[in-house]
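Q: Please take a close look at one part of this fold, beginning with a single pairing and working outward to whatever surrounds it. A connected account would suit me better than a list.

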Amino acid sequence: MNLLEVNAICKTYGTGETAISALKNVNFTVPKGEFVAVVGESGSGKSTLLNMIGALDIPTSGNVIIDGKNIFTMKEEELTIFRRRNIGFIFQSFNLISELNVEQNITFPILLDYQKPDKKYLEEILEVLNLKDRRYHTPRQLSGGQQQRVAIGRALMTHPMLILADEPTGNLDTQNSNEVISLLKKASKIYEQTIIMITHNRSIASSADRVLQVSDGVLTDFGRHDI
């Protein structure tokens, strides 16, 4: 069963002679639990594609279906709630709240949804991410790799169907990059998370189950472990 369907997505900025086609008739599907890497040069359209899938931007035409639901037919409030409960975001810049500690940052999306955190699941996440001894540290007391692990934990905490990672290793050294990719792969297998990761690093992309490339707004599917 496909968790994600991207159907004939086009995105054009501007009009007339100044119009820029960021995405050109993009089509692909992703089954539940697959870890997909999207590669491409800067300005190729890969981040635009991620924004469409995450409903952070609206396509000029086409649709995105997540778990059988066309997200662009939802009303704004319905879409906000759906996104908060079903899509986890991991950003290159971590986007942690500086005043909150590790545990609070991880559980923040749950509290934002007026829910009570699952304490057992929180402990499991802290264990898997090797953050138990850092749970009361604030972001400024953590290394870059540790901050990215917190960002991963925050994305996992809501049990989202889909995790979107935008250059999650962009600010990390090689060792921390390898650790982050290993954790994402583990999340995909242990929690059956469907993960789509944007990266310009083809070596990192080769760790994914499947690789897509975006070039000048056109998507090519390279399949599994072959770029």
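**A hairpin and its surroundings**

A: Strand 9 and strand 10 pair in the antiparallel sense, joined by five bridges, in a model that is predicted. Within this pairing, serine 215 has valine 218 of strand 10 as its bridge partner. The hairpin made by strand 9 and strand 10 has two residues between the strands, and aspartate 216 takes a positive phi near 50° there. As background to that angle, most residues other than glycine have a negative phi.

Strand 9 spans residues 210-215, and because five of its six residues are buried, strand 9 is largely enclosed by the rest of the structure. Strand 9 also pairs with strand 3, this time in the parallel sense, through four bridges. In that pairing valine 39 is matched with glutamine 213 of strand 9.

These pairings belong to an open sheet of six strands with mixed pairing, whose order is 6-7-8-3-9-10. At the edges stand strand 6 and strand 10 (218-223), each with a single partner strand, so that one side of each is left without a neighbour in the sheet. Ignoring direction, neighbouring strands of this sheet are turned by 20° against each other on average. Toward the edge formed by strand 6, the pairing between strand 6 and strand 7 (residues 162-166) is parallel and counts five bridges, and here phenylalanine 89 has leucine 164 of strand 7 as its bridge partner. Helix 5 packs on the sheet, where it touches strand 6 and strand 7, and its direction makes about 170° with that of strand 6.

The loop between helix 5 and strand 7 holds histidine 159. Histidine 159 is not a glycine, yet its phi is positive, at about 55°. With a relative accessible area of 48%, histidine 159 is partly exposed, since the range for that class runs from 20% to 50%.

Helix 5 is also one of the elements around helix 6: the buried residues of helix 6 are covered by a set that includes strand 3 (35-39), strand 6 (87-91), helix 4 (119-128), helix 5 (144-157), strand 8 (194-199) and helix 7 (202-205). Helix 6 itself has 17 residues (residues 174-190), and because 1.5 Å a residue leads to an expected span of 24 Å, the 24 Å between its end C-alpha atoms agrees with that expectation. Its buried residues are Asn176, Ser177, Val180, Ile181, Leu183, Leu184, Ala187 and Ser188. These buried residues cover an arc of only 155° around the axis, and therefore lie on the same side of helix 6. On the face turned away from that buried side, helix 6 carries the exposed residues Thr174, Gln175 and Lys189. Just after helix 6, glutamate 192 has a positive phi of about 55°.

Another residue worth following here is arginine 84, which lies in helix 2 (residues 76-86). Its relative accessibility is 26%, and arginine 84 therefore counts as partly exposed. Leaving aside residues up to four places away in sequence, arginine 84 touches Leu112, Asp113 and Thr158. With aspartate 113 there is a polar contact from side chain to side chain, at 3.0 Å. Glycine 33 is 51 residues from arginine 84 along the chain, and the C-alpha atoms of the two are separated by 19 Å.

The model also contains an open sheet of four strands, with the order 2-1-4-5 and antiparallel pairing. Its edge strands are strand 2 (20-31) and strand 5 (69-70), each of which pairs on one side only. Strand 5 is joined to strand 4 (residues 61-66) by two bridges in the antiparallel sense, and isoleucine 65 stands opposite asparagine 70 in strand 5. Helix 1 (residues 46-53) packs on this sheet and touches strand 1 (2-13), strand 2 and strand 4, with its direction making about 60° with that of strand 2. In the loop between helix 1 and strand 4 lies alanine 55. Its phi is near 60°, a positive value in a residue other than glycine. Alanine 55 has a relative accessible area of 10% and is therefore buried.

Conventions. Residues are numbered from 1 along each chain as its sequence is written. This is a predicted model: local features need pLDDT of at least 70, side-chain atom pairs count only at pLDDT 80 or more; totals for chains, interfaces and linings use all residues. Side-chain values use heavy atoms; hydrogens and water are left out. Two strands pair if DSSP finds at least two bridges between them. Contact means heavy atoms within 4.5 Å. Axes are lines fitted to C-alpha atoms, for helices over the stretch in contact, and angles run from 0 to 180 degrees between N-to-C directions. The expected span of a helix is 1.5 Å times one less than its number of residues. Buried means under 20% relative accessible area, exposed over 50%, partly exposed in between (1.4 Å probe, protein chains only). The arc is that of the directions from the helix axis to the C-beta atoms. A polar contact is a pair of N or O atoms within 3.5 Å; within protein, one must be able to donate a hydrogen and the other to accept it, and residues adjacent in sequence count only if both atoms are side-chain atoms.
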